[in-house]
Amino acid sequence: MTTEIKLHARDFKSDQEVRWCPGCGDYAILAAVQGFMPELGLARENIVFVSGIGCSSRFPYYLNTYGMHSIHGRAPAIATGLAASRRDLSVWVVTGDGDALSIGGNHLIHALRRNVNLKILLFNNRIYGLTKGQYSPTSEVGKITKSTPMGSLDEPFRPLSLAIGAEASFVARTVDSDRKHLTEVLRAAAGHPGTALVEIYQNCNIFNDGAFDLLKDPATRDTALLRLEHGKPYRLAPDGEEIVHDIHDPDPARAFALSRLQHPTPIGVLRSVERPVYDALMNEQIAQAVAQRGPGDPTALLAGGDTWTVTG
């Protein structure tokens, strides 16, 4: 029987000085995550944050949990090994649009298709911030940066479309400055069995300031945002057809169509469906193998038929 641990936001603040640029959206996300963590009801040693490289990847330093600041793009791979071998842990990945979708693209899509029990927070500011303002895989066509002085020629990734195409069982989007909504999405992701991908629009006020102003300005956000709630109707235009949002629809077509929308921009959970969880399937296979053949013998494996003797 598991005893729920009673903790508070302050319990998840580490003794490290938080060092991002003043005004960075990462501060708001960190505060929301620290405020949400007590809801898990877990001891801090049963929570792990794994990050890659980038501004967002400083997260493990600032959370008083176990954590690992890993290598560029490889956080999902490291987290997969941890989640599969330690099913008692709540495993979270913190990554950015450059870290996850450039060098880390393959690791991300394979974690999603395997449906490993981990939660991926993808901070999307549409720029490389840590390396000082180069265009990223989510930068818009024509984006002028230090590495694209005449404008980017690349069509950007749409992370949620990519995730749904990779058979992700949970995809959602939220905004750094909307703490209530961000917390609601974190809560839904945490309760999902399998891989949950949460894209968080995050402002980089130094190298791409104002990228999401339309979605945040009180004068424009009500028409610029499409707030999705399961079981609630929505319209794509004021006089358009009323559609009831169903996050559990096994057909990904409507969720994919929503992921392509830009005007208005959907936020909330787009899709949450049940699929077999990778680590549960893997442990079932191991238990079956042990039952049939007994515990493995590493010595027998090393001395098996496919061995060679190398002479100098």
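**A guided tour from helix H3 to the salt bridges**

Begin by selecting helix H3 in this predicted model: Ala75, Pro76, Ala79, Thr80, Ala83 and Ala84 are its buried residues to display. Viewed around the helix axis, these residues span an arc of only 150°, which places them on the same side of H3. Next, show what covers them: the surrounding elements include strand E1 (47–51), E3, helix H5 (105–114) and H11.

From H3, proceed to Arg87 in the loop between helix H3 (75–85) and strand E3 (90–96). What does Arg87 pair with? Its partner in a salt bridge is Asp279, with the closest N and O atoms 3.8 Å apart. Asp279 belongs to helix H11 (residues 278–293), and the pair links distant parts of the chain, 192 residues apart. Is Asp279 buried or exposed? Asp279 is buried, at a relative accessible area of 3%.

Now select Lys216 and Asp176. These two residues form a salt bridge whose closest N and O atoms are 2.6 Å apart. Lys216 sits in helix H8 (residues 213–216), whereas Asp176 is found in the loop between strand E5 (170–175) and helix H7 (179–190), so the salt bridge ties together parts that are 40 residues apart in sequence. The two ends are covered to unlike degrees: Asp176 is buried, with a relative accessible area of 3%, while Lys216 is partly exposed, with 21%. The cut-off for burial is under 20% relative accessible area.

Continue into helix H7 and select Lys180 and Glu184. Their side chains meet in a salt bridge of 2.7 Å, N to O. Both residues lie in H7, 4 residues apart, or about one turn of the helix. Here Lys180 is exposed, with a relative accessible area of 61%, and Glu184 is partly exposed, with 36%. Across the whole structure, a search finds 10 salt bridges.

Finally, zoom out to the complete chain. The protein comprises 12 helices and 10 strands. Along the principal axes, its C-alpha atoms fill a box of roughly 70 × 50 × 40 Å. The radius of gyration is 21 Å, in agreement with the value near 20 Å for a compact globule of 312 residues. Of the 312 residues, 44% are buried. Among contacts with a separation of 6 or more, 67% come from residues 24 or more positions apart. With a surface display switched on, the area on view is about 16300 Å², of which carbon and sulfur atoms supply 54%.

Note on methods: Residues numbered from 1 in each chain as written. Predicted model: local features only at pLDDT ≥ 70, side-chain atom pairs only at ≥ 80, totals over all residues. Heavy atoms only, no water. Salt bridge = Lys/Arg side-chain N within 4 Å of Asp/Glu carboxyl O. Helix = DSSP H or I, 4+ residues; strand = E, 2+ residues; numbered from the N terminus. Buried < 20%, exposed > 50% of the residue type's maximum accessible area, 1.4 Å probe, protein only. Arc of directions from axis to C-beta. Contact = heavy atoms within 4.5 Å. Rg over C-alpha atoms; globule rule 2.2 N^0.38 Å. Areas by Shrake-Rupley, 256 points an atom, 1.4 Å probe, with all protein chains shown as cover.
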